[in-house]
Amino acid sequence: MAFNDLLLQVGGAGRFQQIQVTLVVLPLLLMASHNTLQNFTAAVPTHHCRPPADTNLSKDGELDAWLPRDGQGRPESCLRFTSPQRGPPFPNDTETNGTGATEPCTHGWIYDNSTFPSTIVMEWDLVCSRRALRQLAQSLYMVGVLLGAMIFGHLADRLGRRKVLILNYLQTAVSGTCAAFAPNFPVYCAFRLLSGMSLAGISLNCMTLNVEWTPTHTRACVGTLIGYVYSLGQFLLAGVAYAVPHWRYLQLLVSVPFFAFFIYSWFFIESARWYSSSGRLDLTLKALQRVAWINGKREEGASLSMEQVLRASLQKELTLGKGQASAMELLRCPALRRLFLCLSMLWFATSFAYYGLVMDLQGFGVSIYLIQVIFGAVDLPAKLVGFLVINSMGRRPAQMASLLLAGICILINGVVPQDQSIVRTSLAVLGKGCLAASFNCIFLYTGELYPTVIRQTGLGMGSTLARVGSIVSPLVSMTAEIYPSVPLFIYGAVPVAASAATALLPETLGQPLPDTVQDVENRRRGKRRQQRQERKQMVPLQASAQAKDGL
C-alpha cells in the first residue's frame with residue numbers, strides 16, 4: 001500500500017485538508033506584501049535642499065533664492081547655492097550659476113509629503129549621496145530570504161514542518177513589529193533581514209505541508225491556489241498602502257497578523273509523511289487516525305493498523321532508497337550538470353528581471369498604487385495562459401517564450417521616451433506577466449527534469465539562484481546614475497540570453513518522472529540515439545532527391 005492510498009483511505013481531500021490548506025495558505029497574502037513592501041515604505045518623494053536654519057521661508061522667493069534649477073526648470077535635488085541668489089533666472093550649471101557657487105545639502109532636505117507623509121527615505125535622508133542605502137535595505141531583505149531558505153529548509157527536515165512554521169510565524173511577527181519601531185536605519189535593516197529569513201521558511205513549509213497532506217490528484221490544484229493567493233496579496237498591498245501611507249503604521253499592519261497565525265498554527269497536524277520518513281511510525285498512525293476522525297472517516301481510521309503504515313513506509317524506502325544521490329551529483333554527473341547549469345540560468349534570470357520591474361514602480365510615471373494593482377491583476381490571466389501553453393505545447397517552448405518575450409518588452413521599454421508613460425507601463429505590465437508565467441513554468445519544469453532522488457535538492461538550488469537574482473536586482477538599479485535606461489537594458493538582456501538555455505533542455509510533456517540519476521542518463525542517451533536514427537533516415541532521402549535532380 002502506497003502512502004497516497006493511506007491518504008485516500010482517511011478521506012482524501014476532505015474537511016481536514018480544506019481547513020488546514022486554507023489556514024496554511026492565508027499568511028501568504030501578507031508574505032506578498034512583505035516582498036514588495038519597500039515600494040511604499042521606501043518611496044522617494046520629490047525633495048530639494050533645506051536652506052540654513054535662519055532663513056525666513058515665509059518671505060516670497062526666499063526659498064527659491066537658495067535653489068539652483070535643473071535642465072527642466074525644477075529645483076536641484078542634491079545641490080543648493082552657498083548664498084541666496086536673487087534676480088533673474090540662473091543658467092543651468094551644476095558647479096556655478098554665474099552669480100554664486102553651489103554646495104551639497106548640508107542642512108538636510110525638504111520633502112513633498114503630499115503622497116507619502118512618511119517613508120524611511122524621508123526619516124533617514126536616504127537620498128543623494130545616501131541613496132544607495134535604500135537599495136541596500138531591499139537587498140539585505142533578500143539576503144535574509146536566501147539564508148532562511150537554506151536554514152529553515154534544513155530544520156524542517158530535522159524538526160518537522162509544523163514546528164518550523166510555528167517558529168517562522170513568531171519570528172515574522174516579532175521582527176516585523178520591531179522594524180516598525182526601529183530607531184535608526186541599521187536596526188531597521190537587521191529586523192528586515194530577520195523577516196526575510198522567516199518568510200522564506202513560511203513559503204517553503206507552506207508548500208511542503210500542504211502537498212504532503214493532499215492526495216496526488218489534488219496537488220496541482222493546491223499549487224495553483226498558492227500561486228493565486230500570492231497574486232491576490234499584491235492587490236491587498238495596494239489597498240492597505242493607500243489607506244495607511246505612513247511607513248511605520250504600514251509596516252506594523254502587515255506584521256501584527258502573524259501573531260494570530262502563530263496562535264492558530266499550534267492546531268496544525270504535523271505531516272504524516274515526515275513522521276514516516278523519520279521512522280516515527282506510532283506518530284504517523286496517530287496523525288492519520290486524527291485526520292480520519294476530522295474527515296468523518298472514524299471507522300476507516302480505526303481500522304488502520306501499524307502493519308499498513310509500516311508497509312507504506314517500506315514501499316517508500318524501496319522506491320527512493322535505491323541510488324540516493326547527494327548535492328555533489330549535480331556537478332559530478334554530466335547529465336545532471338547540464339540540467340543544473342541551464343536551470344540555474346533560468347531561475348536567476350526570471351527572479352532578477354522580475355524584481356527589477358516590481359521594485360521600481362515609481363519609475364513608470366503613473367500612480368504607484370494603480371501600477372501595484374495592475375501588476376497584481378496581470379498575474380491572473382498570465383498564469384492561466386501559461387498553464388494552457390505548458391499543457392498543450394510543452395514546457396520548453398513555454399519557458400523559452402515567456403523569458404524571451406519578457407526580455408524584449410523590457411528592452412523596448414529602455415528606448416521609449418520617459419514622457420510616454422502609458423506605453424512604458426503597458427510594456428512593463430506585459431513583461432511582468434510573462435515573468436510570472438515563467439516562474440510557474442520553471443517550478444514545474446525543474447521538478448520534472450530532476451530525478452526523484454535529488455529533486456528536492458535541485459529545487460532548493462534553483463530557489464537559491466533565484467534569491468541571488470533578487471539580491472543583485474536592486475543593486476543594478478544604481479546604474480541609472482550612468483544613464484537612466486541602463487538598468488532596463490540589463491534587466492532585459494539577461495532573460496533574453498537565458499532563454500537560449502532552454503534549447504539544451506529536454507521536453508517533459510507527457511514523459512514519466514525520472515526516479516534515479518540513471519533514468520536521466522538513459523533519457524539523454526535515448527535522445528541522442530533518436531537524433532542519430534533521424535540523421536540516418538535523412539541520408540537515403542537526400543540521395544534519392546539528388547538522383548531525381550540528375551534525371
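Is Cys-189 buried or exposed? In this predicted model, Cys-189 is buried, with a relative accessible area of 7%. Cys-206 is likewise assigned to the interior, since its relative accessible area is 0% and the cut-off for a buried residue is under 20%.

**Disulfides**

With a disulfide taken as a pair of cysteine sulfur atoms within 2.5 Å, the count in this model comes to two. When the bonded cysteines of the protein are numbered in sequence order, the pairing reads 1-3, 2-4.

The pair formed by Cys-49 and Cys-105 has its sulfur atoms 1.6 Å apart, and the value about its S-S bond is -50 degrees, a left-handed link. This disulfide joins distant parts of the chain, with Cys-49 lying in strand S1 (residues 47-49) and Cys-105 in the loop between strand S3 (102-104) and strand S4 (109-111), 56 residues apart. Cys-49 is buried, at a relative accessible area of 1%, and Cys-105 is buried as well, at 10%.

In the pair formed by Cys-78 and Cys-128, the sulfur atoms lie 2.0 Å apart, and the torsion about the S-S bond is about -95 degrees, so this disulfide is left-handed. Here too the bond links distant parts of the chain: Cys-78 sits in the loop between S1 and strand S2 (79-81), whereas Cys-128 sits in the loop between helix H5 (120-124) and helix H6 (132-159), 50 residues away.

The burial of the two partners in this second pair can be set out against the cut-offs. Cys-78 has a relative accessible area of 29%, and it therefore counts as partly exposed, because that class lies between the buried limit of under 20% and the exposed limit of over 50%. Cys-128, at 8% relative accessibility, counts as buried.

The accessibility values of the bonded cysteines are collected here.

| Cysteine | Relative accessible area | Class |
|---|---|---|
| Cys-49 | 1% | buried |
| Cys-78 | 29% | partly exposed |
| Cys-105 | 10% | buried |
| Cys-128 | 8% | buried |

**Packing of H3 and H11**

Turning to the helices, H3 (residues 28-35) and H11 (residues 257-264) pack at an angle of about 145 degrees, and their axes are 11 Å apart. The crossing of H3 and H11 is left-handed. On the H3 side the contact is made by Leu-30, Met-31 and His-34, and on the H11 side by Pro-257, Phe-258 and Phe-261. Sorted by class, the residues in this contact of H3 with H11 are five nonpolar and one polar, with no charged residues.

Methods:
Residues numbered from 1 in each chain as written. Predicted model: local features only at pLDDT ≥ 70, side-chain atom pairs only at ≥ 80, totals over all residues. Heavy atoms only, no water. Axes fitted to C-alpha atoms, helices over the stretch in contact; angles between N-to-C directions. Helix = DSSP H or I, 4+ residues; strand = E, 2+ residues; numbered from the N terminus. Left-handed = near helix turned anticlockwise from the far one by under 90°. Contact = heavy atoms within 4.5 Å. Nonpolar A, V, L, I, M, F, W, Y, C, P; charged D, E, K, R; others polar. Buried < 20%, exposed > 50% of the residue type's maximum accessible area, 1.4 Å probe, protein only.
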